Amino acid sequence: MAVYKLEVTTGDMKHAGTMDNIYITLFGTEGQSDRTNLDNLGIDFKSGKTGAYTIKTSMSLGKLLLVKAEKDPFFLISEDEWYCSRIVVTTPEGDVVLFPCYRWISRGELVELRGGRAMKVFEDDHPLLIDHRRNELLDKKKLYQWEITDEKLPHHSHFKNVSEFPAELRFSAAKSDEMFHTKRMIGAELMFKGLAGSTEQWKNTDDMKKIFRFKKTTISEYVMQHWKDDDFFGFQFLNAINPNVIKRCSELPPNFSVTEEMVKPFLRDGTSLKQEMGKGNIFICDQKIMDEIPTRMYDGHPLQVAAGLCLFYMNPENKLMPIAIQLHQQPSEQNPIFLPSDSEADWLLAKLFIRSSDLLEHQAVYHLMSTHFLAEVFAIATFRCFPEIHPLYKLLIPHFRYTLNINSGARNSLLGPDGPLTISSLGYEGIKELMRRGLSRMTYSSLCLPENIAARGLQSIPNFYYRDDGLKLWNIINSFVKYIVEHYYPSDSDVCKDTELQEWINEIFTHGVLGNKLSGFPASFNTVEEVIKFITMVIFTVSVQHAALNNGQFDYSSWMPYGSGLLHKPAPTTKGQSSMTTLLETLPNIGETVKFAGMLWVLSHKYTDVVCIFFAFHALFIFL
């Protein structure tokens with residue numbers, strides 16, 4: 001008689017335990033055990049607890065290879081998913097084998113766990129493991145399928161709604177409860193105040209400060225107080241939620257009809273625009289991606305968005321100041337250059353239209369497509385191409401937590417019939433077109449922060465905290481990835497012969513950037529360095545970059561006079577015709593404003609089950 005001792009650990013998060021029956025089968029080189037119900041006296045699988053069990057076999061199973069775990073209902077109790085952290089088996093020979101799991105398991109679901117170190121495809125030598133690896137990938141390719149709903153956008157998961165997802169991909173019960181509570185409380189507050197659904201226009205900006213009584217942050221309060229300040233306007237292009245568009249300007253575009261005389265009053269005494277460009281002190285935001293983009297109809301008329309150009313000057317006090325704004329790409333008498341010396345209303349409106357187009361570009365191109373939808377491509381390729389024992393699966397999988405669940409919600413809510421992006425100035429079709437344009441312009445180097453910063457000439461611009469902090473985090477991630485990848489791929493030949501790795505990068509190239517060779521994305525890997533760089537980019541994109549673009553949305557964008565995704569009136573075509581009343585009439589009405597603000601609070605809210613990236617890195621050492 002051979003005795004195997006098991007230690008089964010349940011995760012410590014809310015609702016991780018289960019009342020259901022858990023069955024275990026052990027597989028070794030010399031045979032397998034009977035299917036055994038793990039059942040001690042009392043409740044077995046409590047959150048954060050480890051239970052001890054034994055499985056007896058007539059003889060030793062040899063080297064232990066697999067553990068199969070199954071979850072069956074206990075009487076007629078409704079589904080309660082189980083989060084299994086790990087199973088540790090001590091063999092009769094005294095070997096201790098760790099079988100990491102770290103996933104939710106649903107009723108009727110069968111999970112097969114491999115023990116020991118991570119293995120690449122060419123390292124498996126036992127027929128049982130080779131068959132298991134092949135069958136796992138066949139099953140995963142059936143479960144995770146690509147769907148194409150737009151030929152010019154990244155492909156996505158075929159799942160139609162969250163209920164179809166495997167348990168491990170869905171929100172935890174704790175997060176679902178929190179999100180439901182957050183949305184309900186926001187809705188109740190806005191309904192109680194009579195703001196939700198109101199079609200009335202704002203009478204003054206002070207009334208907007210009363211949208212939320214308690215949902216304020218230090219930064220959102222600062223924005224309310226300083227939204228008219230030019231230095232704060234410049235600061236946001238470096239350090240708010242869209243630090244992706246500004247670049248150094250060494251020569252004015254031919255369609256930007258700014259003259260030396262126009263901007264001379266806003267430069268240091270005794271200097272000129274040409275001199276300041278030579279010194280590297282002039283920067284530009286060019287919104288040509290918005291040019292002639294389709295917009296939605298509102299009250300029988302098409303809305304308008306700016307496709308502007310904004311010129312900035314880094315002054316001697318190291319403040320980035322806007323010094324000229326043109327709201328459309330083609331210069332004309334109806335497209336004047338707005339200056340800080342214009343009337344307050346004219347200058348505020350010009351900045352409002354620049355900011356509003358910037359918000360739309362941020363949301364559609366940099367936030368949704370370049371983090372969320374690319375993350376979904378990375379995740380599906382990982383699910384389809386890597387078995388769970390592959391070292392890169394273990395390295396990547398913690399960073400795709402909730403990716404598919406979040407994106408499914410985004411498609412159904414943000415881009416739904418009454419979603420905040422659908423009611424924006426662009427509407428559903430305009431947002432889609434903006435994403436198409438963004439993808440066609442996307443390059444691999446633009447997603448790699450050191451190259452992105454250098455390409456935009458921003459290596460030395462002062463007070464660029466996104467760059468300073470971002471490069472530190474990029475380097476930390478790169479160091480960690482380098483350590484792991486070089487451990488499992490000691491030579492370039494290991495990279496070339498890993499067929500699963502090559503299939504993974506090819507799926508990303510095909511389904512992410514749609515096979516666009518001009519993007520610079522690799523379609524295959526030839527060296528260890530190429531793998532390190534690409535995986536660094538993936539992890540940075542889905543963690544650091546997403547946090548930079550998402551977490552401050554309520555902080556910087558909930559104050560609508562400073563910028564809104566929906567503007568009712570067209571951009572001004574002449575100077576001296578606008579007033580503060582014009583600005584209020586341009587902004588969304590009360591109901592539209594609170595819908596945007598509510599969305600931003602939900603998106604930016606920090607939920608209690610968040611896992612910081614460095615905790616994820618620490619956990620990976622257990623996995624690997």
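This is a walk through two sheets, the helices that pack on one of them, a pocket and a few buried residues. The model is predicted.

Start near the N terminus with the four-stranded sheet. The sheet is open, and its strands follow the order β5-β1-β7-β8. Their pairing is antiparallel. Two strands, β5 (50-57) and β8 (96-105), form the edges, each pairing on one side only. On average, neighbouring strands here are turned by 20 degrees against each other, with direction ignored. In the middle of the order, strand β1 (residues 2-10) is joined to strand β7 (residues 82-90) by six bridges. These two strands run antiparallel. One position to look at is V8, which stands opposite I87 in β7.

Now turn to the five-stranded sheet. This sheet is also described as open, with the order β12-β13-β16-β17-β18. Its pairing is antiparallel. β12 (247-248) and β18 stand at the edges. Each has a single partner strand, so one side of each is left without a neighbour in the sheet. Strands of a sheet pair through backbone hydrogen bonds, either parallel or antiparallel.

Follow the strands inward from β12. Strand β13 (residues 282-286) pairs with β16 over five bridges, in the antiparallel sense. F283 stands opposite F312 in β16. Strand β16 (residues 309-314) is in turn joined to β17 by six bridges, again antiparallel. Here L309 stands opposite Q326 in β17. β16 and β17 form a hairpin, with five residues between them. Within that turn, N318 has a positive phi of about 60 degrees. Strand β18 (residues 337-338) then pairs with β17 over two bridges, in the antiparallel sense. The bridge partner of I325 in β18 is F338.

How many of the seven residues of strand β17 are buried? Six of them are, so β17 (residues 320-326) is largely enclosed by the rest of the structure. Two helices help to show its surroundings. Helix α4 packs on the sheet and touches β13, β16 and β17. The direction of α4 makes about 90 degrees with that of β17. Helix α7 lies across β16, β17 and β18. α7 also runs at about 90 degrees to β17.

Helix α4 (residues 230-239) has eight of its ten residues buried, so this helix too is largely enclosed by the rest of the structure. The buried residues are D230, F232, F233, G234, Q236, F237, L238 and N239.

Helix α7 (residues 344-385) leads on to another contact. Its axis and that of helix α1 (residues 127-143) come within 7 Å. The two axes cross at roughly 145 degrees. On the α1 side, the contact is made by L137, K140 and K141. On the α7 side, T382, F383, R384 and C385 take part. By class, this contact has three nonpolar, one polar and three charged residues.

Is T382 buried or exposed? T382 is buried, with a relative accessible area of 0%. This α7 residue touches K140, Y393, L396, F400 and W504, leaving aside residues up to four places away in sequence.

α7 also takes part in a pocket. The second largest pocket has a volume of about 790 Å³. It is lined by 30 residues, and those closest to its centre are N244, Y366, R441, S446 and R456. Four elements give two or more residues to the lining: α7, α10 (427-441), α11 (449-455) and α15 (528-550). The largest share comes from α7, with five residues. By class, the lining has twelve nonpolar, eleven polar and seven charged residues.

Finish in the loop between α10 and α11, where Y444 has its place. Y444 is buried, with a relative accessible area of 9%. Which residues does Y444 touch, not counting residues up to four places away in sequence? They are S519, G520, F521, P522, K533, F534 and M537. Y444 and G520 are 76 residues apart along the chain, yet their C-alpha atoms are separated by 5.3 Å.

How values were computed: Residues are numbered from 1 along each chain as its sequence is written. This is a predicted model: local features need pLDDT of at least 70, side-chain atom pairs count only at pLDDT 80 or more; totals for chains, interfaces and linings use all residues. Side-chain values use heavy atoms; hydrogens and water are left out. Axes are lines fitted to C-alpha atoms, for helices over the stretch in contact, and angles run from 0 to 180 degrees between N-to-C directions. Contact means heavy atoms within 4.5 Å. Ala, Val, Leu, Ile, Met, Phe, Trp, Tyr, Cys and Pro count as nonpolar, Asp, Glu, Lys and Arg as charged, and the others, Gly among them, as polar. On a 1 Å grid over the protein atoms alone, a cavity is a set of points where a 1.4 Å probe fits but cannot get out, and a pocket is an open set with protein on both sides within 12 Å along at least five of seven lines; lining residues have an atom within 4 Å of a point. Grid points are joined across faces, edges and corners, and a volume is the space filled by probe spheres set on the points. Buried means under 20% relative accessible area, exposed over 50%, partly exposed in between (1.4 Å probe, protein chains only). Two strands pair if DSSP finds at least two bridges between them.
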